[in-house]
Amino acid sequence: MSLLQDPASAVTLNFSLPAAFQIPFDGEHETIVSIEVVNPKLATPAREQRFARLFEGDWKFEFAHSHTNIGVKYRITVRMFHNRQPLLLDQEHFVIVNTLPHRQTVHLSPIGLLYVEVQEPESFPTEEAVTISLHEADSPEVELVRVSHDEQTATSFYLRYDPASVTPGKRYALSGIENRYHQRISVSPGRIELCPPPRAQRGWFMQTLAQWLEKPLRLFTDAESKIR
C-alpha cells in the first residue's frame, strides 16, 4: 500500500475491520482513502488513493509525513463501494502525529456493525458493567438496539444493528450508562448517519450544489444588464 522509500518518515495506519465483515467478490469494487491536514482554520488535502478492490480484516496504509518538530493532526476517511453502493459508514478518523515513525490502528465500521468506544471505566465487576443504546439522535426513546456489555473493561467493541431498521438520511447517536451508580458515560462516535447514500447519489448532490452556488455569481457578474 505504500510507495515510500523511507519507512522511517511514514505514518503507518492499520485499518481494522471486524471478522464478521465479508466482502463481495463479484461486480465493481472501489476503495478510497483520503487524508487531510487539519488546522484551526483550514483542512488541506494531503493524499487520496483509490484501489479497484476491497479489503477485509486488517490492512496497512502508509503516507509520508514531511513535517518536523511540530505535531500535525490528520483527518482520515475511508470509503468502500460495491457496485457504487457503500459498504462502510461515513466517518472521520483523526490521527495526531508528533514523532516518527508513527503507527496507529483505525477501526472501520461496516454498515450494520458500528465500532463503539466507551469512556474507560474503573474495572467494573462483571455484574456491574455498562449499557449502551443506539437511538435516533433527536428522539432517544426511539432505539435501534440496546446492549449490556459485561466485560470487566467495556471500552470498545462492535455494536451490531439491523440496517433495514434505519431511516435513510436520519442521524443516530449513542448513549451510555454505568449500571452500578446509573451515571451517564461518554460514548463515541457522536451523531452518525447509519445509511449513507450510494456514490452516484452523492455525486449528483455535489453537482447540484455546485450549480446552485454558481447562480448568484452569474447574477452579480452581469448585474448591469439585468438590473434596471
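**Strands and a pocket**

Strand E5 pairs with strand E6 (residues 85-86) in the antiparallel sense, and 2 bridges hold this pairing. The model in which these strands appear is predicted. Within the pair, Phe81 stands opposite Pro86 of E6. The two strands make up a hairpin, with 2 residues between E5 and E6. One residue of the turn, Asn83, has a positive phi of about 50 degrees.

Strands in a sheet are paired through hydrogen bonds of the backbone, and the pairing may be parallel or antiparallel. With this in mind, the other pairings of E5 can be followed.

Strand E2 (residues 29-38) pairs with E5 over 10 bridges, in the antiparallel sense. A residue pair to look for here is Ile35, which stands opposite Ile76 in E5. E5 is also joined to E7 by 5 bridges, and these two strands run antiparallel. In that pairing, Tyr74 has Val95 of E7 as its bridge partner.

Is E5 mostly covered or mostly uncovered? E5 is mostly covered, as 9 of its 11 residues are buried. Buried here stands for under 20% relative accessible area.

A separate place to look is an open sheet of 3 strands, in the order E4-E1-E8 and with mixed pairing. At its edges are strand E4 (58-64) and strand E8 (102-107), each of which pairs on one side only. From one strand to the next, the twist averages 25 degrees. Strand E1 (residues 10-16) and E4 run antiparallel and are joined by 7 bridges. Among the residues to find in this pairing is Ala10, whose bridge partner in E4 is Ala64.

Strands E5 and E8 both come up again at the largest pocket. The space in this pocket is about 590 Å³. It is lined by 23 residues, and those closest to the pocket centre are Asp90, Gln91, Glu92, His93 and Pro189.

Which strands supply at least two residues each to the lining? They are strand E5 (72-82), strand E7 (93-97), E8, strand E9 (113-118) and strand E16 (192-193). The largest share, 4 residues, comes from E8. E8 is also an edge strand of the open sheet described above.

The lining can also be sorted by residue type. Of its residues, 6 are nonpolar, 9 are polar and 8 are charged.

Definitions and conventions: Residues are numbered from 1 along each chain as its sequence is written. This is a predicted model: local features need pLDDT of at least 70, side-chain atom pairs count only at pLDDT 80 or more; totals for chains, interfaces and linings use all residues. Side-chain values use heavy atoms; hydrogens and water are left out. Two strands pair if DSSP finds at least two bridges between them. Axes are lines fitted to C-alpha atoms, for helices over the stretch in contact, and angles run from 0 to 180 degrees between N-to-C directions. On a 1 Å grid over the protein atoms alone, a cavity is a set of points where a 1.4 Å probe fits but cannot get out, and a pocket is an open set with protein on both sides within 12 Å along at least five of seven lines; lining residues have an atom within 4 Å of a point. Grid points are joined across faces, edges and corners, and a volume is the space filled by probe spheres set on the points. Ala, Val, Leu, Ile, Met, Phe, Trp, Tyr, Cys and Pro count as nonpolar, Asp, Glu, Lys and Arg as charged, and the others, Gly among them, as polar. Buried means under 20% relative accessible area, exposed over 50%, partly exposed in between (1.4 Å probe, protein chains only).
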